[in-house]
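Work through the exercises below with the structure open beside you. Try each task before reading its solution.

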Amino acid sequence: MTPFLLALVLLLLGLGLFFLARRQRKESGLPAGEIIYTDAGDWRRNDRPLFSNRYRLVGKPDYLVRQGRMIIPVEVKSARLRGRPPHDSHKMQLAAYCLLVEDALGVRPDYGILRYADATIRLDYTDALRRELLAAMTAMRRAAALPDIPRSHDDPARCHFCGYRESCDEALAV
Ligand code: SF4
């Protein structure tokens, strides 16, 4: 993998972490998502990453479902929702896949699907969600250019499971 592609992959990963850090926010402004019932029998697993040079983004949705002329990205999570709403980080990851489908495949999806172990959520890919995603990407790129980024939370458990813990000088003790 080239350094450029690696940077893009890290950007998408960073996006997820960025929104994970904001998931406790009271008013996220993100849509809640709607529970739907789908037959996953004809879903086709997606094995290739999608690239967008325009948005400097790469990602690989778990499934791409064709519905007429539309292509719907699907992200599968092993976790259970247990009646709670999806994490903001999951919603933004799915929004990024919608943007990738739009730019890389040339068809803007009306929505994407988050499939959990106990629920399937339809997330409408609205103009507002798209704007939120683009703003987050801009914020992430600005933050990545800073020499130092302060910790954004006081959650020791999050640091405990963080892959950057060994090299982070702001990690909280559990
Ligand atoms: S270890 Fe550092 S990077 Fe990881 S969650 Fe804690 S503060 Fe953030």
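**Exercise 1: A cysteine and its surroundings**

Cys 159 lies in helix 4, residues 156-160. The model is a predicted one.

Task: Decide whether Cys 159 is buried, partly exposed or exposed.

Solution. Start with the count: 18 other C-beta atoms lie within 10 Å of Cys 159. Next, recall the cut-offs: 20 or more means buried, 12 or fewer means exposed, and partly exposed is in between. Therefore Cys 159 is partly exposed.

Task: Find which residues Cys 159 touches, leaving out those up to four places away in sequence.

Solution. The partners are Arg 165, Ala 171 and Leu 172. Now check Leu 172 along the chain: Cys 159 and Leu 172 are 13 residues apart. In space, their C-alpha atoms are separated by 5.9 Å.

Task: List the residues that surround the ligand and sort them by class.

Solution. First, the list: Arg 151, Arg 158, Cys 159, Cys 162, Tyr 164, Arg 165, Cys 168, Glu 170 and Ala 171. Cys 159 appears here too. Then sort: the shell has five nonpolar residues, four charged residues and no polar ones.

**Exercise 2: The whole chain**

Task: Write down the order of helices and strands from the N terminus.

Solution. Begin with the totals: the protein has four helices and seven strands. In order, the elements read α-β-β-β-β-β-α-β-β-α-α.

Task: State what share of the residues is buried, and what share of the contacts is long in sequence.

Solution. The protein has 174 residues, and 26% of them count as buried. For contacts, take pairs at least 6 apart in sequence. Of these, 65% join residues at least 24 apart.

**Exercise 3: Helix 2**

Task: Check the length of helix 2, residues 88-105, against what its residue count predicts.

Solution. Helix 2 has 18 residues. The expected span is 1.5 Å times one less than that number. This should give 26 Å. The end C-alpha atoms are 25 Å apart, which agrees.

Task: Is helix 2 mostly covered or mostly uncovered?

Solution. Of its 18 residues, 13 are buried. Helix 2 is therefore mostly covered, since buried means 20 or more C-beta neighbours within 10 Å. Gly 106 follows the helix, with a positive phi near 80 degrees.

Task: Describe how helix 2 meets helix 3, residues 127-145.

Solution. The two axes come within 10 Å and cross at roughly 100 degrees. Angles of 65 to 115 degrees count as roughly perpendicular. So helix 2 is roughly perpendicular to helix 3. Helix 2 supplies Met 92, Ala 95, Ala 96 and Leu 99 to the contact. Helix 3 supplies Leu 129, Arg 130, Leu 133 and Ala 136. By class, seven of these residues are nonpolar, one is charged and none is polar.

**Exercise 4: Residues in loops**

Task: Locate Arg 56 and Arg 82, and give the sign of phi for each.

Solution. Arg 56 sits in the loop between strand 2 (50-52) and strand 3 (57-59). Its phi is positive, about 50 degrees, although Arg 56 is not a glycine. Arg 82 sits in the loop between strand 5 and helix 2. Phi of Arg 82 is also positive, near 50 degrees.

Task: Classify the exposure of Arg 56 and Arg 82.

Solution. Arg 56 has 13 C-beta neighbours inside 10 Å, so it counts as partly exposed. Arg 82 has 9, so it counts as exposed.

Task: Where is Ser 78, and how far is it from Ala 117?

Solution. Ser 78 is in the loop between strand 5 (70-76) and helix 2. It counts as exposed because it has 7 C-beta neighbours inside 10 Å. Ser 78 and Ala 117 are 39 residues apart in sequence. Their C-alpha atoms are 5.5 Å apart.

Key. Residues numbered from 1 in each chain as written. Predicted model: local features only at pLDDT ≥ 70, side-chain atom pairs only at ≥ 80, totals over all residues. Helix = DSSP H or I, 4+ residues; strand = E, 2+ residues; numbered from the N terminus. Near = placed C-beta within 6 Å. Nonpolar A, V, L, I, M, F, W, Y, C, P; charged D, E, K, R; others polar. Axes fitted to C-alpha atoms, helices over the stretch in contact; angles between N-to-C directions. Parallel < 35°, antiparallel > 145°, perpendicular 65-115°, else oblique. Contact = placed C-beta atoms within 7 Å.
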